[in-house]
Each structure stands twice: as structure tokens, then as C-alpha cells.
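This briefing sets out selected features of the structure shown below. Topics are grouped under short headings.

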Amino acid sequence: MQENRRKKTGQKDFAKNRKTHKKAEEIKKVREGGRHGNTTGKESGENMKRSLCPVSKRCGGCQMLDVPYDRQLQEKQKNVEGLLKGFCRVYPIVGMEDPFHYRNKVHAAFGYKKGEAVSGVYREGTHEIVPVERCMLEDEKADQIIGTIRGMLKSFKIRTYDEETGYGLLRHVLVKRGFATGQIMVVLVTTSPIFPSRNNFVKALRKKHPEITTIIQNLNDRFTSMVLGEREKVLYGKGYIEDRLCGCTFRISSKSFYQVNPVQTEKLYAKAIEAAALTGKETVIDAYCGIGTIGLIAAGKAGRVIGVELNQDAVRDGVQNARTNKISNIQFYHNDAGRFMTGMAQDGEKVDVVFLDPPRSGSTEEFIRAVAVLAPDRVVYVSCNPETLARDLKVFRGGGYQAEGAWPYDLFPHTGHVETVVLIQRKDT
């Protein structure tokens, strides 16, 4: 899980950003307790004196929490400018007005400590669970639901999973919430399909949280670091949730990718569409398309959109999303985007714009060569890692393309991560 806090000297700036007495009270509560389980002892006491979160030093998910937000943005701007120097102009970074509780997806690992069930995050680089009760990055309702589930385990005689022995039923809980729709999905990841008193557990959870719209049991019985297994069963509701982004409605399943910060994603994708300079006639490829967010948003301004994605669940959601939004000028393909574009070039097909939104590891030389062979006029690269972005821009330059501008967006406040939209144009256009 793909990322909070601040020193006393930064409290004044923080209060100014939040502008509410409620947030000041929340900070006080966070200092008094952890995230999905409480922390005690000398270490947490020392942490509380110097951080907004008592477990931030052990969790590792919010490396810049105690840095004033304005300075976080300055450091990210400087980082992107340093890496993209020599490629193009870097425009000022776009930050959040309220840089807290922005994550719409929350994952908690479950285990035991001193005979008690705990839930939280893995300490960075390990499988040691750091118990956490509240997190300043995560959706507050999701944290409450996870706490409720943890509190129900004893009465239902459900044991949490022990990695060393392989014994125990509940392994992880995943909560996704549609910020625009309010719909909530809860995924219970278990080691066995046999879930004692399953119906009563679901009924009790829904009684405590009637806002939950669907509950799924996911089976993961393998010795793996992967959170979700292949098989799942819908225990309540439709088995998916929906959310709205940039005027479109998106169906989100347990396994499909959806940006975790919808507030900033609206701005990020709007800039990506603007950079593409669509006129309504273009043929567009949305590579690494996921559930089709960028492609579906672009469809209203393009002639034809092609979404290409390797995750079959995401492709299925993309097709459904097109139906839901009554968008007929987009087609989805379950394929490797590089191979797909090479095939299009061999068939003599023409593409005007390529959108790519690759994982943190960036794109590949094979993919970029395929782009060069297909020869679109413009490429819009949505990056979540400026280091791999700089590496890939060098390859694009060797293939006859030039970066024209970069726009950073802070989708992950209080972490070192930053998203960047880059417009790349073919040199002979």
C-alpha cells in the first residue's frame, strides 16, 4: 500500500490550512492513539511529542508528515525540475486545499499481538504489522469500518492469520469508497472459503455500518505477499461500487485500479485531456487504461478511442463503464499495449494521440519503440514517478519525440510521491 504529521512549530501553518477547530481536535485524538490498534510505551510517547501520528516513524507511509505542506510542495517541485531539466519547462505544482484523508482505498493487514487481534500496515520493507487506529491520509469512514471489524472478531470466534504458522482465517480487509457517490465496498480476505457464521457476521457489520453498499469475501490461501486472491464471493450487494469523475460514472471492482485521490485526479486528468488538444476527429489510444478512466473522459472530445489493458477484470469494468455512460466511440482490448500498437502500425492504421499512465516502474523501451513505429502526433504521459519519467523521456527523444511541458500534481500529500502530466510531440509535426 501504495504513503502524515507535523512538529509543534508547524501547527500554526497547519491550523491555517485546515481553518477549523474540528481538525485541531482530530490532531489531538491522533496523538492519543494509533491507527488500527493502540500503541503504548516509551517509543510512542516520544513520537507523540514530535509528530502528528504516534506511529509515523514505524509505519513509513507518510515520510513528509511533519514537514509544513507548503514546503512539501516546494521540495516536490524542485525534485521534478531537477529530473526534467533539459527536457522541457516544468510548470508550478498543483497542491491540495485540504491535504488530509484523501485516500479512497484503505487496506489493513490483520494479525495478533500479545493475544489480541490487531490491524494496521506493514512496517516499510517488512511483514511486521504496525497497529494503527486512525490515519491522517485515509478515508475516516474506512478506518472506522476496519476498527469495527477488528472489534467483532472475538465475539464471532474468528482468528486472524498468522504468517509463520499459516493458521487463522482473516488475513486482510480492504475498503473502497466512492467519494462522489458515497458507496462503500468491504473486502474480507480469508484463507478459507469456509467462513463460520458468515451471514450473521455480515448482518452485524451492516447493522453497525448501514452505509456499506457491498461486501465481498476474497479467498487467498497462498503463501504470498499479494493481498487479493483469484476467487471471491459476493456476500452482500452488487459486488462493486460506482464513483463519478470528470463527468463520467465508473464501476470499481475489488481488483480494478482506480486513482486513490479523486479530488486531485479530477485536476490531473483535466490537464491531460487539455494537453492532448483534441478537436473531435482524432483516433486516440489509452494505454495501460485500467477501467478506462482517461479514455472515457477523452471520448467526448475525440473521434475514436481505443483502450488497451492487461488486467482482464479492469477491461471488463471498462466495457461496463462505457455502457453506463452511453459512450459508443470507445473499444477495449485485453492485450499488451506495445504489441497492440505494433500490430496497428503493421496493418497501416493511423493514431493521432496516445495517452499512457504506466505504473511506478514506468514504461518500457519496447513500448516506446512501438509508439515511435505507430507515430502519433502527440503523446500525453501521466507519470507517478519522476525518476522513471526522466528515463523514459530520454528514450522518447531518441525515437523522434520532444517533451513540450510538464505539470506536476500532488496526489499523495505527506509522501515523497508526485504525479506529472507531460506533453510529448513528434519532432516533425
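Is histidine 414 buried or exposed? With a relative accessible area of 0%, histidine 414 is buried. The model is predicted, and the points below concern a sheet, a helix that packs on that sheet, and two residues with positive phi.

**The sheet**

- An open sheet is formed by seven strands, which follow the order β12-β11-β10-β13-β14-β16-β15 with mixed pairing.
- The edges are occupied by β12 (330-334) and β15 (401-409); each has a single partner strand, so one side of each is left without a neighbour in the sheet.
- On average, neighbouring strands of this sheet are turned by 15° against each other, direction ignored.

**Pairing of β10 and β11**

- Five bridges join strand β10 (residues 283-287) to strand β11 (residues 304-309), and the sense of this pairing is parallel.
- Opposite aspartate 286 stands glycine 307 in β11.

**The packing helix**

- Helix α13 (residues 386-398) packs on the sheet and touches β13 (353-356), β14 (378-383), β15 and β16 (419-426).
- The direction of helix α13 makes about 160° with that of β14.

**Residues with positive phi**

- Tyrosine 288, although not a glycine, has a positive phi of about 50°; this residue is found in the loop between β10 and α9 (293-299).
- The relative accessibility of tyrosine 288 is 25%, so tyrosine 288 counts as partly exposed.
- Histidine 414 is likewise not a glycine and has a positive phi of about 75°; its place is the loop between β15 and β16.
- Histidine 414 is buried because its relative accessible area of 0% falls under 20%.

Notes:
Residues are numbered from 1 along each chain as its sequence is written. This is a predicted model: local features need pLDDT of at least 70, side-chain atom pairs count only at pLDDT 80 or more; totals for chains, interfaces and linings use all residues. Side-chain values use heavy atoms; hydrogens and water are left out. Two strands pair if DSSP finds at least two bridges between them. Helices (H or I, at least four residues) and strands (E, at least two) are DSSP runs, numbered from the N terminus. Axes are lines fitted to C-alpha atoms, for helices over the stretch in contact, and angles run from 0 to 180 degrees between N-to-C directions. Contact means heavy atoms within 4.5 Å. Buried means under 20% relative accessible area, exposed over 50%, partly exposed in between (1.4 Å probe, protein chains only).
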